[in-house]
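Visitor: I would like to learn how to read the features of a model such as this one, beginning with its confidence.

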Amino acid sequence: MNKNTKINTLLLLVVAALAVLPLALGLGDDEKEPFTGSDAQAETAITEIDPAYEPWFSPLYEPPSGEIESALFALQAALGAGVLAYYFGLRRGRRQGELRASVQQDGSGAGEPAARGD
């Protein structure tokens, strides 16, 4: 197992632990809705401190249910991940193309770049 594989495996285990540990340890069991978002928790805290508080702005679109809100959030996250993956893939492809072009220009590699750890 090479170094990159070990690092990737370790990172995967850390992410899995971050997802499972709060559930396994029972964090939030004393709350009515234990894993609500920070917006909902902030709204609850504000209304407890000042019940007469009026928000300055209202949302442009209020989804009819929590499931639709979650689906829209997941769609937003997927689109963001797609944009990032495209960007990093494009950068890597350009870097590999530049490397191939420089090797072909030098004529030392007979058209094939040297193996790299990318």
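Guide: Among the elements of the protein, α2 has the lowest mean pLDDT, 86, and α3 the highest, 93, where pLDDT is the predictor's confidence in each residue, from 0 to 100, and helices (H or I, at least four residues) and strands (E, at least two) are DSSP runs, numbered from the N terminus. This is a predicted model, in which local features need pLDDT of at least 70 and side-chain atom pairs count only at pLDDT 80 or more, while totals for chains, interfaces and linings use all residues. Residues are numbered from 1 along each chain as its sequence is written, and side-chain values use heavy atoms, with hydrogens and water left out.

Visitor: What does the protein average in pLDDT?

Guide: Where pLDDT is low, the predicted coordinates should not be read in detail. Here the average is 85, and 85% of the residues score at least 70.

Visitor: How many helices and strands does the protein have?

Guide: There are three helices and zero strands, running α-α-α from the N terminus on.

Visitor: What span should α3 have, and how far apart are its end C-alpha atoms?

Guide: The expected span of a helix is 1.5 Å times one less than its number of residues. For the 41 residues of α3 this gives 60 Å, and the end C-alpha atoms are 60 Å apart, which agrees. After α3 comes G107, whose phi is positive, near 75°.

Visitor: How is an aromatic pair read?

Guide: A pair of aromatic rings is described by the distance of the centres and the angle of the planes. Rings of Phe, Tyr and Trp (its six-membered ring) pair if their centres lie within 6.5 Å, and planes under 30 degrees apart count as stacked, over 60 as edge-to-face and the rest as tilted. By this rule there is one aromatic pair. The ring centres of Y87 and F88 lie 5.3 Å apart with planes at 65°, so the pair is edge-to-face.
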